[in-house]
Amino acid sequence: MTASAPRPMTGRQRILAALRREPVDRTPVCNPTSVATVELMDLVDAPFPDANRNPELMARLAATGYTELGFDSVMPVFSIIQESSALGCKIQWEQKDNWPTVRMREPIWRDADDVRVPNDFLTHPDTRCVLDAIGILRRELGEEVAIIGKTMGPWSLGYHCFGVETFLLMSLDDPGRTKLCLDRLKEATIRFGLAQIEAGADALTLPDHATGDLVSGEYYERFLKDLHAEFAERLPIPLILHICGRTVDRMGYIAETGMAAFHFDSKNTPDESMEAVRDRIALVGNINNPETLYARDPEAVRAEVFKNLAAGVQLVGPECAIPLQTAIENLVEIPRAVREWHASHAHPHAG
Amino acid sequence: MAELADIANATIRQEIAEYLDRPVEIERNIALFARTRPLMQEIAVAVIEGDQVACDRLTRQALEEGVHALEIMDDGLIGGMGIVGIKFRENFIFVPEVLACARSMKAGMAHIEPILSAAGVEPVGTVVMGTVKGDLHDIGKNLCIMMLRGAGFSVIDLGVDTAPDQFIAAVEEHGAPLLGMSALLTTTMPNMGRTIEAFIDAGLRDDVKIMVGGAPVTQEFADDMGADGYGKDALACVALAKQLLGVAA
Ligand code: B12
Ligand SMILES: [Zn+2]
């Protein structure tokens, strides 16, 4: 970065600059996936499952990412099922202490010819809810903080609509049909993404679970790399690809998609990940959820934040949707640790 | 001691040479395939390659040639699945490939099972498996089930989102000596402990061994909640099941 550190930035400016790998006054703290917890739900009286279905509650719970935790971004989509619900999947909405999920045992489609994005896709209550919540957040938080939306990629939508095992077997038996499914499903990704941009989102998380725990890196190249590049072209705000699990073997491909950032999991170290992407894409991550944020103390959180900062990771945050029982104490330690680190390191990383 | 060159089938020789690294596993597989008939090796290859059509055809052929169903299962189908499990553990293959291998094994087992049950051949053991309440992750659990079946166990699969009383009912109904629980979420992991308590409350804890697994679960956590064992992957699950039921490895 340039010798003179930029003057104090708002959270929004900081996030957007870091996503462009431009100079920042300090590394932003970013949550591309949910930071909702039971404690936060109680604090603002916006519990699951209602906070996933009512825009006021959704916005109120999302705002706590900024007001209570001090992150530089807010993220109103706490689950991965809003658009699957609009596509026709059956949803188990669960209770306050668990995320809603798709009943993948009752798949809605069997073949590429079944894939159809319904006409009411964007007016369905569960997609509408996200759009309205983004509108509320934009009005209430103004330009202070970055609003990150979320639109699911076609691979993850395929899991939901066909069932994971059926979809994965199809990818092996008939790669051509699988590509056709993905190509048809991508319209859902793009339409929901564009609608969120119009509603006021500053950036979009795009989860597409082609993880090393399930499929090879070569699979990512074969089925998804070009589609992800197409998303980067057709959705005109910064995109943050999210794939949890082991991904270092495919980060080289991911870096070539033109997406702004990749949200990476702690199964990949910050150093090896920075090395793999070689400054072609920004990285967001990778504080461990189950072992650190959920089960340990602020000290352990701080150590992981420092490890990311030392490696030059551009945006710091939890690796994936944080466990709902995570203590606020551990979450507020993330921005605190970032500030502390910058106080003793004069020049923050530009990119 | 048998050597690689003693194995008739070139594909099996190549699989062992290329993908196996642990001396005990190399030794065990060489010993197995060096003594099996060429047709059993071909069945194993059909499983390894995920070729369900070939597996179906070769299994029927073997039965017509008078090979005993038990031999086809042990030397052909289970033998092949053993190599599949190792390749998955070592990241040479991934979930889609394992699913295809399991599907071909199933195509062969479809001919074997009716014969074995008509003859009253007992499975190695009966295991009840399920993902705990509130959790819908089942890929790992399903892989464990495939490997357990691949090792000759009879498995009752309760699916996902399984409440303690459903686990209890299934164990009682099938008289299963072993229960396996899977959890992938920190929010649902405590439901394993709750299920174990439910077994204690029902006075059934001493009748059943309980094993647990899933990415966030650790040996320490398993010990804390009073499980009898923890397995970190599908092969460990099979080894643990054998150990808990006192079956020779
Ligand atoms: C695929 C996946 C999904 C799929 C699940 C599809 C399905 N049918 O299972 C989908 C996309 C639907 C999904 C949904 C969600 N997921 Co998810 N998901 C994953 C992912 C990417 C891979 C899990 C997997 O299948 N691994 C591969 C298998 C083979 O491994 P495994 O399950 O560990 O099983 C092996 C061993 O553990 C062992 N084993 C397993 N069971 C047993 C049992 C016994 C007895 C034994 C001995 C051994 C054993 O053997 C297996 C084979 O080797 C992980 C990330 C990761 N890398 O782990 C996240 C992850 C598990 N998910 C996570 C989250 C947060 C969610 C959601 C809440 C997302 C959301 N915000 O809505 C929902 C929750 C749904 C619910 N209520 O259950 C988090 C959980 C965090 C936590 N620990 O609390 C993870 C860890 C991601 C992360 N880094 O934070 N998910
Ligand atoms: Zn994730």
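Contact here means heavy atoms within 4.5 Å, and this is the sense in which helices of chain B cover one another in the views below, all taken from a predicted model.

**View 1. Helix H3 of chain B, a largely enclosed helix.** Let us start with helix H3, residues 38–48 of chain B. Of its 11 residues, 9 are buried, so the helix is largely enclosed by the rest of the structure. The buried residues are B:Leu39, B:Met40, B:Gln41, B:Ile43, B:Ala44, B:Val45, B:Ala46, B:Val47 and B:Ile48. Their cover includes five helices of chain B: H1 (10–19), H2 (23–35), H4 (52–64), H5 (69–89) and H6 (95–118). After H3(B) comes B:Gly50, which has a positive phi, near 65°.

**View 2. Helix H4 of chain B and its buried face.** Next, have a look at H4(B), where B:Ala54, B:Cys55, B:Leu58, B:Thr59 and B:Ala62 are buried. Viewed down the helix axis, these buried residues fall within an arc of 125°, so they line one face of H4(B). In general, an α-helix has 3.6 residues a turn, so residues three or four places apart point the same way. The cover over the buried residues of H4(B) includes H3, H5 and H6 of chain B. On the face turned away from the buried side sit the exposed residues B:Val53 and B:Glu64.

**View 3. The length and ends of H4(B).** With 13 residues at 1.5 Å a residue, H4(B) should span 18 Å, and the end C-alpha atoms are indeed 18 Å apart. At the start of the helix, a side-chain oxygen of B:Asp51 comes to within 3.3 Å of the backbone nitrogen of B:Val53. Following H4(B) is B:Gly66, with a positive phi near 90°.

**View 4. The zinc ion (ligand 2) and its donors from chain A.** Three protein atoms serve as donors here: NE2 of A:His242, SG of A:Cys244 and SG of A:Cys320, at 2.1 to 2.3 Å from the zinc ion. Along the chain, the donors follow the spacing H-x1-C-x75-C. The two cysteines link distant parts of the chain, being 76 residues apart. A:Cys244 lies in the loop between strand E6 (239–242) and helix H10 (251–254) of chain A, while A:Cys320 lies in the loop between strand E9 (315–318) and helix H14 (328–344).

**View 5. The cobalt atom of ligand 1 and B:His137.** Finally, the cobalt atom has a single donor from the protein, NE2 of B:His137, 2.4 Å away. B:His137 is found in the loop between strand E1 (126–131) and helix H7 (139–150) of chain B.

Technical notes: Residues numbered from 1 in each chain as written. Chains lettered and ligands numbered in written order. Predicted model: local features only at pLDDT ≥ 70, side-chain atom pairs only at ≥ 80, totals over all residues. Heavy atoms only, no water. Buried < 20%, exposed > 50% of the residue type's maximum accessible area, 1.4 Å probe, protein only. Helix = DSSP H or I, 4+ residues; strand = E, 2+ residues; numbered from the N terminus. Donors = N, O, S within 2.8 Å, 3.2 Å for Na, K, Ca; no water. Expected span 1.5 Å × (residues − 1). Arc of directions from axis to C-beta. Polar contact = N/O pair within 3.5 Å; in protein donor to acceptor, adjacent residues only side chain to side chain.
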